[in-house]
Amino acid sequence: MKRLLVILMLLLPVVTIAQSELYKRYASREDLTVAQVNGFKLNESVRVNVVLVVADNEAAWNRLKEELDIRGEEGVNSWLGELKQPVKRVKWNGKTLLRVIASHARRTIGFYRIDNEEQYDALLDYQLNKMKK
Amino acid sequence: MTENEFDKLWQQAEVESYSQRLAAEYPGWRRKQQRTIGMVTASLAVVALLVLVAQLQQPQDFEKVYCNRVGTTDAQWASLAAEILME
């Protein structure tokens, strides 16, 4: 029993590390449902980590929009954001950043972590290919 | 010898003497003990195998999902990640 507890104690930090700062930031909020999808497959060789934040109600959505400076009421807003401050819009610079996509209809924001050019290209290809179908 | 070391030795001695007494009074005890160990080991092996099979059977569109609420499956979250990209 003691050994089992020790193993669980050792595994706990591993699980905590696997959760991103972004996930932890939103997961503690009561009016948001948050998920982190690790290793989301873009193609046979490229995967990315995604954090999805869903506002449980209109007030929570409006608060999120305000925090991330999202304007408009319909369709989708998307931009490249800084890793630590996704609200800051940036251009692709080869550094780790987030592809942020906000869907008004779903009251959902997706943060796709991009670590390199390969992932960036794969994400754009994924969007283009799926939209063509 | 510290008090802690003494306690450990004392406990060990108690267990050993208890095992010896059981073995002397009930010859089938050792066999039973080994059978129990064997069963536990086999159970652990089966559990490990089942976990491995479950991992292999998991949809390949994602590796692992964390969520702060229950109610939505991992596959549904992966599906949402895909749908948001297509909007």
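## Two chains, one shared sheet

β1(A) pairs with strand β1 of chain B, residues 64–67, in the antiparallel sense, and four bridges link the two. Keep in mind that this is a predicted model. That pairing is a good place to start, as the sheet it belongs to has strands from chain A and chain B.

**The sheet**

- Walk across the sheet and you meet six strands in the order β3(A)-β4(A)-β5(A)-β2(A)-β1(A)-β1(B).
- The pairing is antiparallel, and the sheet is open.
- So what sits at the edges? β3 of chain A (76–82) and β1 of chain B are the edge strands, and each of them pairs on one side only.
- On average, neighbouring strands here are turned by 15 degrees against each other, if you ignore direction.
- To see one cross-chain link, look for Q36(A): its bridge partner in β1(B) is Y66(B).
- Now look at β3(A), which runs antiparallel to β4(A) and is joined to β4(A) by seven bridges.
- For an example from that pair, find V76(A), whose bridge partner in β4(A) is S103(A).
- As background, strands of a sheet pair through backbone hydrogen bonds, either parallel or antiparallel.

**Where the chains touch**

- Chain A puts 23 residues in contact with 18 residues of chain B.
- Several elements of chain A supply at least two residues each to the side that touches chain B, among them α2 (21–27), β2 (47–55) and α4 (117–132).
- Which element of chain A gives the most to that side? It's β1(A), with nine residues.
- Sort the residues on that side of chain A by type and you get 12 nonpolar, nine polar and two charged.

**Helices lying across the strands**

- Both chains have a helix called α3, so check the chain letter.
- α3 of chain A (residues 58–67) lies across β1, β2 and β5 of chain A, at about 125 degrees to β2(A).
- α3 of chain B (residues 74–86) lies across β1, β2, β4 and β5 of chain A together with β1 of chain B, and runs at about 80 degrees to β1(A).

**Two residues with a positive phi**

- Most residues other than glycine have a negative phi.
- D69(A) isn't a glycine, yet has a positive phi of about 55 degrees. You'll find D69(A) in the loop between α3 and β3 of chain A.
- R107(A) isn't a glycine either, and has a positive phi of about 50 degrees. R107(A) belongs to the loop between β4 and β5 of chain A.
- Are they buried or exposed? D69(A) counts as exposed because it has 12 C-beta neighbours inside 10 Å, whereas R107(A) has 20 and so counts as buried.

How values were computed: Residues are numbered from 1 along each chain as its sequence is written. Chains are lettered from A and ligands numbered from 1 in the order in which they are written. This is a predicted model: local features need pLDDT of at least 70, side-chain atom pairs count only at pLDDT 80 or more; totals for chains, interfaces and linings use all residues. Two residues are in contact if their C-beta atoms, placed from the backbone, lie within 7 Å. Ala, Val, Leu, Ile, Met, Phe, Trp, Tyr, Cys and Pro count as nonpolar, Asp, Glu, Lys and Arg as charged, and the others, Gly among them, as polar. Two strands pair if DSSP finds at least two bridges between them. Axes are lines fitted to C-alpha atoms, for helices over the stretch in contact, and angles run from 0 to 180 degrees between N-to-C directions.
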